[in-house]
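I opened the model to look up the surface, the overall fold, one helix and two loop positions. My entries follow in the order in which I made them.

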Protein chains: 2
Amino acid sequence: MTLTHGLPVAPSRGRLRPLGLDDVTIDGGFWGERQDLNAAATIPHVESWLERLGWIGNFDAAVEGRLPGDRKGREFSDSETYKLLEGMAWELGRRPDPALQARFDAIVARVAAAQEADGYLSTMFGRPGQAARYSDLEWGHELYCFGHLIQAGVARARTVGLDDELVRVSVRAADHVCDVFGLGGIASVCGHPEIEVALAELYRVTGQRRYLDQASLFVERRGRGVLGEIDFGPQYFQDDVPVREATVFDGHAVRALYLAAGAVDVAVETADDGLLAAVTSQTLATLARRTYLTGGMGAHHEGESFGADFELPPDRSYSETCAGIASIMLNHRLVLATGDARHADAIERTLFNIVATAPAADGRGFYYTNTLYQRVEGTMPDPDEPSARASSAARPPFFAVSCCPTNLTRTFASLGAYLATADDHGVQVHQYAPSTIRAVVAGEPVEVKVATTYPATGRITVTAVTAPSAGWSLTLRVPGWASGARLASAGGPAEPVEPGYVTVAGPATGESVVLELPVDARWTWADARVDAVRGQVAVERGPVVMALESVDLGADVATARVRTDAAPVEAEGRVLVPVRTVVPHDGGWPYGTRTEDDGAAERLVPLIAYHSWAERGPSTMRIWMPEG
Amino acid sequence: MTLTHGLPVAPSRGRLRPLGLDDVTIDGGFWGERQDLNAAATIPHVESWLERLGWIGNFDAAVEGRLPGDRKGREFSDSETYKLLEGMAWELGRRPDPALQARFDAIVARVAAAQEADGYLSTMFGRPGQAARYSDLEWGHELYCFGHLIQAGVARARTVGLDDELVRVSVRAADHVCDVFGLGGIASVCGHPEIEVALAELYRVTGQRRYLDQASLFVERRGRGVLGEIDFGPQYFQDDVPVREATVFDGHAVRALYLAAGAVDVAVETADDGLLAAVTSQTLATLARRTYLTGGMGAHHEGESFGADFELPPDRSYSETCAGIASIMLNHRLVLATGDARHADAIERTLFNIVATAPAADGRGFYYTNTLYQRVEGTMPDPDEPSARASSAARPPFFAVSCCPTNLTRTFASLGAYLATADDHGVQVHQYAPSTIRAVVAGEPVEVKVATTYPATGRITVTAVTAPSAGWSLTLRVPGWASGARLASAGGPAEPVEPGYVTVAGPATGESVVLELPVDARWTWADARVDAVRGQVAVERGPVVMALESVDLGADVATARVRTDAAPVEAEGRVLVPVRTVVPHDGGWPYGTRTEDDGAAERLVPLIAYHSWAERGPSTMRIWMPEG
């Protein structure tokens, strides 16, 4: 039915070929439920807030000549409409829905009506009474907004083809960007990267080389002080070091990660192995030294930025939801380009502990930041008021800066595309969910069914529904945490397998391969260089990070001390750990000789999955628990 | 010669009477050298930067009608000139200097010329092309600037009397403030407290009750959402909770502490014991739960604010120099009001570890923030460029926001006033420096001489130069850290004394009392609730916090592990600790099973006083060192 199989990312070369929404369906389970909740609750919820706040209405105001007087929201609010459209586009690609289609078409029509004759489209700039176009590249976010518009257009092209209104709007916008920022034009970049990845994908969709060239220009210009000075310094928007010279991600986390994703796309399409190696190395360094246990990125609230190496305070973790999504975008590109399992490991960790954590159980509240230690019981957010601030103790319905909710809509709707890939020899399964995967291997169709209740259990059964007549290979990812995993090939005994990718002969039609991942709860310690959690321990269960919440402890989690000489206990579907609650000495001045706390008797206390914390009223919560 | 003895603070009642610059002189030693450096280097350095940047020139531009076009600096830059004037005023009060007097007079004349007929004075607001007066109380800082102007006027009144041009300018400004913000006027406050403490002191100087009433109005109005909404939230400027209802300091640290100092002044002058008790309790709670080992306050870079209780990350310590100065201002007021030694302890700690740390050894560079852990070797600041940012690895010559250097000038110049007090029975010595202290006790003059090389050694000899014919008492502070202190009264044996104040019969003329404080280096641990330094230890020597610097370790301080089973070693005037440097495991993903570092052999490594770090080129530094 479609040209490109519902692919969020479609490189023309690379180690692995992506499989899209037409190739992979998630059939219920942990992620299937969340995809359905996204469709049933989150997309309509986000749409209603964008209407209520007037951010979609800004496009009507533009058409009706009511700007700037009637404009609502921040300078980048157009992008939220575009991200919602992208989410709707993937959702429609996943599962047609006439009512959703009609709502989508109506919003597209309102956006399209506001586009100017030369392709420019912004409700914030360029009209009488507004600042001139591109007069504030540092903070104006015009190209950032175009990027999200174009990504929405790409989602349409990848699900219904090029003959589509949103695709036409996107192409006009992209042409305008190339006209204005091409060689001989404005030799600068946007303060917030995003246009790079969008233009590269639009090139892949349309074959128009100028979009790739423009993406490449934006990547190469950056890092040379092309933007004006700002209080946060040039590293905030990655304008301090050229992309190919950086060694690790720095500055504003979302900006850094979107830029890196775009740089990978440019590197792959231009066969620029040096650029690809640079970004790969930066990504691995960031995973090794600047990433939270949850996969979260961004250790400073100030500037929403990465901290120094190993500076990862749990209580000041910013771990913006959008940074998690951006990390998945980047690591997915690197899985495709390099076939390195560490990138798929990072995706799994971020999916289960950032993407699954951000939305409320009802799909109508969201974390913008994802702290690893909630010290103070907050108040529950007003479900009728957008939050003025990014950080909160529980999940507000919307935000004054509301990038994260719209970003989640597109991520959940396109989730299927992250599960599996193909190459000339077979199929690779990277993420585990009950699913159906179809691919063409060496010209022959393959279809496999993945059956699992992962992550509740670790058994993953991959059954060939249709196997090629010639031999084929099946590759399964053994996660980095899964010491003691075992794999039984079709009919054979379970054999130990090591973390990384394990490849076996593809089973014949009707036969199965069974992977057993040891998801039992385990203690996890941090590298000694992570000072902020020295003397503390966390619990992980499979890919899921666990947390201690005051609701379960019956006391502030600050008072908990855990004993780790035996493994955490699993009983009746719960994970429990031996905890004492201590009574701190209150001496007036908190420094002096070493003191021992008086502690209550030890008892077993249940932990919960981090992704489901803060659903039971105000609480304190910690992932890292002091030993002792 | 003067009415009020060079007193920075002169309450009309309270437990103890302050002694001012006319009563107390510092005679060399640790602080005397720094006072002289302030006069010789810092005051001229700051003055030259204020001229060079055009911030003093803004007053000329106002007179010459060149505003707003020619205006330089941030909205609050007028206040830097006022703080310099205050510093010069105290310095002139401490030690007359005709050349300095001439420079002072010239600046005062330029400021005075810019004052408008109704007393209003600002180079930022109110002219054609500028925002209207008081149109931005949240961020405009107009009343904050008036506060510093009036404090400078108070310094003049307290050193030369009321017949002074700067006093007249201040009185006109204060009258204007009362006219505009009094009952029936604008019922709001300034986004940055400071006017409260200034008006209360101007009341003390002039006896004009309306200044006290206005200060009281400002204190009482606050905390009820009178200011508009800002991104940081109302707690940023203490507009979330009324002053007398708060339990601990919160929000922007300097704002919170200036406000509290003003609230103490109001409470004392209006005999409002409830307000005094509230602020005292907030101060003690903040010392117990939200203060760094250095005395530094402010744990978040974002919003320059206090963190939650026990949230005190060393690497993200903001500990603004101005917050340290504000803490000293507040705690000095509480020493006078309550006579509680804990406030004098806080002053000592903050003096030796924040005020002494901020200026460079040459007096021409400054820390704005005072980190406890410098993770990354910075570059040395350009001595010819003001720093655009508050945080840096070493001490820049000036800042785009340059509150701290000017604040230091007034603090060093008025330092003598923090050393001692008097009451009806005798003299109390709170801070130890070689000094001469004069007071009148029960109508008779007392003069004592304090001889010491403190903090290098712990022996403090207090000799009566003039003793009253009737009996008198001498009270000495035994610091909270000084377990094992001993005191020998005139002619007697040394007896153990406990931390707090110890009072003995005042020695007769020519006789001495000797206090021996155990300044030997000692290990210090933090309350277990300070997660960020769990498993780590610091070293203090007397009141001085020590630090490990990479220059001494010969490696990044991140790799150091110290052994604490014996006391730190003191040898040849240095403090040394047994350290291993470890080689971290680089595994790619920093979480998993517990790992032990491979370590080099143990050796003794010298520490340095924290206040003298970063004077030997780029380095990493840490106060809290991992044990192991």
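Entry 1, surface. I looked up the accessible area of chain A and found about 20,300 Å² exposed, with carbon and sulfur atoms supplying 53% of it. Areas come from the Shrake-Rupley method with a 1.4 Å probe, and for residues only the protein chains shown count as cover.

Entry 2, provenance. I note that this is a predicted model, in which local features need pLDDT of at least 70, side-chain atom pairs count only at pLDDT 80 or more, and totals for chains, interfaces and linings use all residues. Residues are numbered from 1 along each chain as its sequence is written, chains are lettered from A and ligands numbered from 1 in the order in which they are written, and side-chain values use heavy atoms, with hydrogens and water left out.

Entry 3, overall fold. I found 14 helices and 24 strands in chain A; these are DSSP runs (helices H or I, at least four residues; strands E, at least two), numbered from the N terminus. The C-alpha trace spans about 75 × 70 × 50 Å along the principal axes of chain A. Of the 628 residues in chain A, 64% are buried, that is, under 20% relative accessible area, against over 50% for exposed and in between for partly exposed (1.4 Å probe, protein chains only). Among contacts (heavy atoms within 4.5 Å) in chain A with a separation of 6 or more, 68% join residues 24 or more positions apart.

Entry 4, helix α10. I checked the length of α10 of chain A (residues 273-289): its 17 residues should span 24 Å at 1.5 Å a residue, and the end C-alpha atoms are 24 Å apart, so the two agree. The expected span is 1.5 Å times one less than the number of residues. I listed the buried residues of α10(A), including L275(A), L276(A), V279(A), Q282(A) and L287(A). The buried residues of α10(A) pack against α8, α9, α11 and α12 of chain A.

Entry 5, T270(A). I placed T270(A) in the loop between α9 and α10 of chain A. T270(A) counts as partly exposed because its relative accessibility is 31%. Beyond its neighbours within four places in sequence, T270(A) is in contact with R209(A) and L212(A). Its C-alpha lies 9.1 Å from that of D213(A), 57 residues apart along the chain.

Entry 6, A456(B). I found A456(B) in the loop between β7 and β8 of chain B. Its relative accessible area is 47%, so A456(B) is partly exposed. Not counting residues up to four places away in sequence, A456(B) touches V519(B) and R541(B).
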